[in-house]
Structure formats: C-alpha cells, structure tokens
Amino acid sequence: MKKKLFIIITGVVLVGFVCIWLLVKNKSAEQMTVDRLNEAVSHYTDMNIKDDKTYSLKVSDTEMLVTTYVPEYTFFGVSTDAYTVRPCKIDETLTTEKEQDLPICNFDYVLIYDEKADKFYNIKFEEKGKPVIPKFTDAKELAYELELPNVGTVENLSLKKNSDNPIVISSKEDVEDILGILQGTKPTTKSGEIGTPVRVENIINADFISKENVICRLFLYEDEGKYFIEQTDNGVYTISKEDYDFIENYMEGN
C-alpha cells in the first residue's frame, strides 16, 4: 500500500514539474520580461527599503536595478505616453538625464532594450502600495517602422538598378505614387545592414533628395524569389512582387 502511494505521489510530482516546465517554456518573451523586471524590483526593495514607509523609487534607482539584476536589459527612457516604434538607432534612443532624480511613479512607461535578443520593449507599470514602487504589468515588443520623407520635402527621387545609370523623377505626383507603395510595407525581424545589401539580386537604390542632399535612402531587392525593402539600421521590410515590378517598370518607362 505504501509502495503504491509512493508511486502515486511521485507521479503527481513529476506531472507537476512537467506542467511547470511547459508553462515556462511557452511563456512569451514579453511576459518573461515583465516577470524579470518585477523580480529585480523585489530584490532591490528587500535590500534597500526595509521599513521606510515614505520611500519612492527614483528613475536612477530603476536604471540601477535593471543594470544589476537583469544586465542583458538596458534602460533607455521613461515616459507618460507609450513608446510605439522601435528607435532607429540605439544611440538615438531617449535618455533620462533630466529625469534622474524624479520618482518613477511620475511616469507610466519605460523603454527597455534586450541586448541578447536585439529587441526593444515598451513596458507599462503602475504604482504598487506604500512606499511607491513600480509594478510592471505589460510589455510590448517594438517593431521597426520604415522612415519615409514627406512628399512636400522631396525635390527629386533618384532610382538606380544594379549598375544601370540612375533616372531622376521630379514630378510630385510620381513621387507621391511611389511613397504610397512604400508606406504599405510590413517589417521583418531583421535589423538592416550597413550600406548596400549583399548576396541579393536586382537591387534598386532609391534616394529621396532635397536641396541636393539625400534625406532618405532605401534598397529594394529580390532574395530567393521574395522582395524586400531595406533601410540601413532601421529594418528590412517585405514588399510584393507587383509593387516591386511597378517601381521597376516605372524606371523603364522613364
């Protein structure tokens, strides 16, 4: 009887471990980020606050606890509004120099970068009890967004395919048509190379020019039968064959 009971208990324990393992394995990266930040806050407050009933975690304290307890994350900014777009470059992200000594509860969101995964997250938090400590509640991965100029600022559009001679488009209507196509693209998970993409086919260089300066440079290309737009350091985006062909035919027609 005892042996049977032991086997049953062992089986229940093993099933429990398997369930926990599956739960952790299938937990989203967003939820894992929230859990790890809350764990970091817990470690910090246990060590630093103790019985201080008037304590309010500052922005600088939040930066410090992220650096200490989850070093693969980098704290880039605080805001009362949600961050919606992945920053173009890491060195262009918001800083917190002006907010260092302010209570974290003055804000509602933080911007976190996961160095290992190369992902930015908008993290929502709320005040938790007294003393005032942030409780992280939700994380959303920030996607790339193609940065395009306003049609009114573009004087010329230079299109050049492979080693062909470039053609220059000056018509505002034509530039607007091409920008309309580009605005419908969807980002992939790739970050974008530095300079002209390599190991791809049929590259179209698209330079939007204002006052003789290139204000936006894009690369459109084919890769194994699929079509993409790439913007240096700002992601790779999918484009349909029909839209690629439209721009290619437009070049031939000019």
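Which side chain does a polar contact join to that of E63? I'd like to start there this morning. The partner is Q100, and the two side chains meet at 2.7 Å. Please keep in mind throughout that this is a predicted model.

Let me stay with E63 for a moment. This glutamate belongs to helix 3, which covers residues 59–69. E63 is buried, and yet no salt bridge goes with it. If you look for the nearest side chain of opposite charge, you arrive at K58, 10 Å away. A salt bridge requires a nitrogen and a carboxyl oxygen within 4 Å, so K58 at 10 Å does not qualify as a partner. What does E63 touch, once we leave out residues up to four places away in sequence? The list is F75, T96 and Q100. Q100 therefore turns up twice, as a contact of E63 and as its partner in that polar contact of 2.7 Å.

Now let me step back to the chain as a whole. The secondary structure amounts to five helices and 11 strands. There are 254 residues in the protein chain, and 39% of them are buried. Taking contacts with a separation of 6 or more, 60% come from residues 24 or more positions apart.

On to the charged pairs that do meet. How many salt bridges does a search of the whole structure find? The number is six, and I'll walk you through some of them.

Take K161 and E248, whose closest N and O atoms are 2.0 Å apart. This pair connects distant parts of the chain, with K161 in strand 5 and E248 in helix 5, residues 241–253, at a spacing of 87 residues. Are the two ends buried or exposed? K161 is buried, with a relative accessible area of 15%, and E248 also counts as buried, at 15%.

Helix 5 has another bridge to show us. D245 and K241 come together there at 2.8 Å, N to O. The two are four residues apart in helix 5, so about one helical turn separates them. Here D245 is buried at 19% relative accessible area, while K241 is partly exposed at 42%. The cut-off for buried is under 20%, so D245 at 19% falls on the buried side.

Then there is E141 with K119, where the closest N and O atoms lie 3.8 Å apart. E141 sits in strand 4, residues 133–142, and K119 in strand 3, so this bridge ties together parts that are 22 residues apart in sequence. Both ends are partly exposed: E141 has 32% relative accessibility, and K119 has 27%.

Back to strand 5, residues 156–161, for a look at S158. This serine is buried, with a relative accessible area of 14%. Which residues surround S158, again setting aside those up to four places away in sequence? It touches P166, I167, N205, A206, D207 and I209. There is also a C-alpha to C-alpha distance to mention: S158 and V214 are 9.4 Å apart in space, with their positions 56 residues apart in sequence.

A quick word on the backbone. Most residues other than glycine have a negative phi. Which way does D118 go, positive or negative? Its phi is positive, about 55°, although D118 is not a glycine. You'll find D118 in the loop between strand 2 (109–114) and strand 3 (119–128), partly exposed at 29% relative accessibility. N202 is another non-glycine residue with a positive phi, about 50°. N202 lies in strand 8, residues 201–210, and it too counts as partly exposed, at 26% relative accessibility.

Last stop, the aromatic rings. Searching the whole structure gives six aromatic pairs. Ring pairs link F76, Y113 and F120 into a cluster. And what sits over the ring of Y73? That is the charged end of R36, 5.9 Å from the ring centre.

If you open the model afterwards, I'd suggest going back to where we began: E63, buried and without a salt bridge, with its polar contact to Q100. Thanks, everyone, and I'm happy to take questions.

Technical notes. Residues are numbered from 1 along each chain as its sequence is written. This is a predicted model: local features need pLDDT of at least 70, side-chain atom pairs count only at pLDDT 80 or more; totals for chains, interfaces and linings use all residues. Side-chain values use heavy atoms; hydrogens and water are left out. Rings of Phe, Tyr and Trp (its six-membered ring) pair if their centres lie within 6.5 Å; planes under 30 degrees apart count as stacked, over 60 as edge-to-face and the rest as tilted. A charge sits over a ring if NZ of Lys or CZ of Arg is within 6 Å of the ring centre and within 35 degrees of the ring normal. Buried means under 20% relative accessible area, exposed over 50%, partly exposed in between (1.4 Å probe, protein chains only). Lys and Arg count as positive and Asp and Glu as negative; His and the chain ends are not counted. A polar contact is a pair of N or O atoms within 3.5 Å; within protein, one must be able to donate a hydrogen and the other to accept it, and residues adjacent in sequence count only if both atoms are side-chain atoms. Contact means heavy atoms within 4.5 Å.
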